[in-house]
Every structure is written in structure tokens, then in C-alpha cells.
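Student: I would like to learn how to read the features of a model such as this one. Could we work through them slowly, taking the general idea and then the case at hand?

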Amino acid sequence: MWVNFLIGTGVFGMAVGGWSLLHLRNRPHPVEADGRARVTGSCGDTMEMCLTFASGRVVRTSRRTDGCGYSLNCILAATRLAVGRSPAEILDIDADTIGKAAGGLPEDHRHCATLAARTLHEAVDHYMKRGCCASEICNRGVRE
């Protein structure tokens with residue numbers, strides 16, 4: 001009897017976990033994104049990220065990766081860290097910070113945090129190059 005219960009619970013957990021991963025992986029990008037980046041690492045994993053700013057701070061993010069679970073954890077951590085920050089503050093987020101926010105990484109997967117940091121920085125760079133940061137409020141935030 002307990003064996004059937006454990007098997008059923010395991011199957012249900014796998015189904016919910018699989019659906020959750022697919023949902024997070026395929027979450028659509030916001031149409032009004034101010035900064036976008038798509039970066040493919042030397043490992044072959046690709047990360048995509050979109051950032052939406054208001055008053056010089058990130059208010060909304062979306063992301064996608066075709067990589068492993070470590071890649072997914074790193075890009076999720078990077079976008080969580082970006083929310084509420086100015087472009088200058090985001091540029092201070094590095095691979096070590098992302099790796100710690102992702103719960104730690106084995107040495108052979110540190111490149112996932114590096115790829116997430118690069119993607120995050122390129123999204124901010126895209127935002128800055130588009131001139132979205134022309135307002136006085138945003139320029140003040142960049143200098144902080």
C-alpha cells in the first residue's frame with residue numbers, strides 16, 4: 001500500500017516539476033522590453049533575457065535558456081537580482097554573485113553563472129545603446 005502511494009507521489013511530483021520547468025523555460029518575453037540580449041556560450045547553451053525599466057530601474061524581466069538545470073538556475077537568479085536595480089547597479093552583478101544566488105555551483109558548471117552575467121550585462125548595454133536612458137532620473141541612476 002505504501003509503495004503505491006510513494007510511486008504515485010513520485011509520478012505526480014515529476015509531472016508538476018516538468019511542467020514548471022517548461023513554463024519557466026518558455027515564458028514569453030515582454031513586448032515592451034527596453035533591453036534585450038541573446039548570448040550563446042562556448043558550452044553551446046543559449047540564454048535570452050529581456051529587461052523592462054521604469055524610472056531608471058528594472059521593473060520586469062523575462063528569460064529563456066536551452067541549457068541544463070544549472071543554466072536555468074543561473075538565469076533565474078540573474079533576473080531576480082536585477083529587479084529594482086539601476087543599470088549601474090546591475091553592472092556590479094558578477095558571476096560569483098549569480099552563482100551564490102543560484103545556491104552554489106559545482107566547478108564544472110561555473111560557466112553557467114558567467115553566461116548569465118554576460119547576458120544580463122548585454123541586456124543592460126542594449127538598453128543604454130537604444131537611448132532609453134535619456135531621462136534625468138535614469139541618468140542619475142546610472143551615475144550612482
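**Reading charge pairs, strands and core**

Tutor: Let us begin with a single side chain: Arg-57 has a relative accessibility of 29% and so counts as partly exposed. Please keep in mind throughout that this is a predicted model.

Student: Which side chain meets that of Arg-57 in a salt bridge?

Tutor: The general idea is that side chains of opposite charge can pair when their charged atoms come close. Here the side chain of Arg-57 meets that of Glu-89, with 2.6 Å from N to O. Because Glu-89 belongs to helix H3 (residues 87–91) and Arg-57 to strand E3 (residues 57–65), the pair ties together parts that are 32 residues apart in sequence. Glu-89, like its partner, falls in the partly exposed class, with a relative accessible area of 25% for Glu-89 and 29% for Arg-57.

Student: How many salt bridges does a search of the whole structure find?

Tutor: The search finds six. One of them joins the side chains of Glu-48 and Arg-38, at 3.1 Å from N to O. Since Glu-48 sits in strand E2 (residues 46–54) and Arg-38 in strand E1 (residues 35–40), this salt bridge ties together parts that are 10 residues apart in sequence. The accessibility of the two partners deserves attention, as Glu-48 is buried at 18%, whereas Arg-38 is exposed at 59%. The pair also belongs to a network of salt bridges, in which Arg-38, Glu-48 and Arg-64 are linked.

Student: Where does the salt bridge of Asp-125 and Lys-129 lie, and how are the two residues separated?

Tutor: Both residues lie in helix H5 (residues 110–129), and because they are four residues apart, about one helical turn separates them. Their side chains meet at 3.1 Å from N to O. Asp-125 is partly exposed, with a relative accessible area of 36%, while Lys-129 is exposed, with 67%.

Student: Let us turn to the strands. In which sense do E1 and E2 run, and how many bridges join them?

Tutor: The general picture is that in a regular strand the side chains alternate between the two faces of the sheet. In this model E1 and E2 run antiparallel and are joined by six bridges. Glu-48 in E2 is the bridge partner of Arg-38, and the side chains of these two residues also form the salt bridge discussed above. The hairpin of E1 and E2 has five residues between the strands, and Gly-44 within that hairpin adopts a positive phi near 100°.

Student: What pairs with E2 over eight bridges?

Tutor: That is E3, which pairs with E2 in the antiparallel sense. As an example, Met-49 has Arg-63 in E3 as its bridge partner. Two residues lie between E2 and E3 in their hairpin, where Ser-55 in the turn has a positive phi of about 55°.

Student: Is E2 mostly covered or mostly open?

Tutor: E2 is mostly covered, since eight of its nine residues are buried, that is, under 20% relative accessible area. Thr-46, which has its place in E2, is buried at 11%. Apart from neighbours within four places in sequence, Thr-46 is in contact with Arg-38, Val-39, Thr-40, Arg-64, Thr-65 and Asp-66.

Student: Which residues touch the most other members of the largest nonpolar core?

Tutor: In this core of 30 residues they are Leu-51, Cys-74, Ile-90, Ile-98 and Leu-120. The elements giving two or more residues to the core are E1, E2, helix H2 (69–82), helix H4 (95–101) and H5, and the largest share, nine residues, comes from H5. To take one member, Leu-51 has contacts beyond four places in sequence that include Val-58, Leu-120, Ala-123 and Val-124.

Student: Why is Cys-112 not bonded to Cys-68?

Tutor: A disulfide needs two cysteine sulfur atoms within 2.5 Å. The closest cysteine sulfur to that of Cys-112 is in Cys-68, and at 4.1 Å it is too far for a bond. The search of the whole structure finds zero disulfides; for Cys-74, the nearest cysteine sulfur is that of Cys-112, 5.4 Å away. Cys-74 is buried, at 0% relative accessibility, and Cys-112 is buried too, at 1%.

Technical notes:
Residues are numbered from 1 along each chain as its sequence is written. This is a predicted model: local features need pLDDT of at least 70, side-chain atom pairs count only at pLDDT 80 or more; totals for chains, interfaces and linings use all residues. Side-chain values use heavy atoms; hydrogens and water are left out. Buried means under 20% relative accessible area, exposed over 50%, partly exposed in between (1.4 Å probe, protein chains only). A salt bridge is a side-chain nitrogen of Lys or Arg within 4 Å of a carboxyl oxygen of Asp or Glu. A nonpolar core is a set of buried Ala, Val, Leu, Ile, Met, Phe, Trp, Tyr and Cys residues joined through side-chain atoms within 4.5 Å. Contact means heavy atoms within 4.5 Å. Two strands pair if DSSP finds at least two bridges between them.
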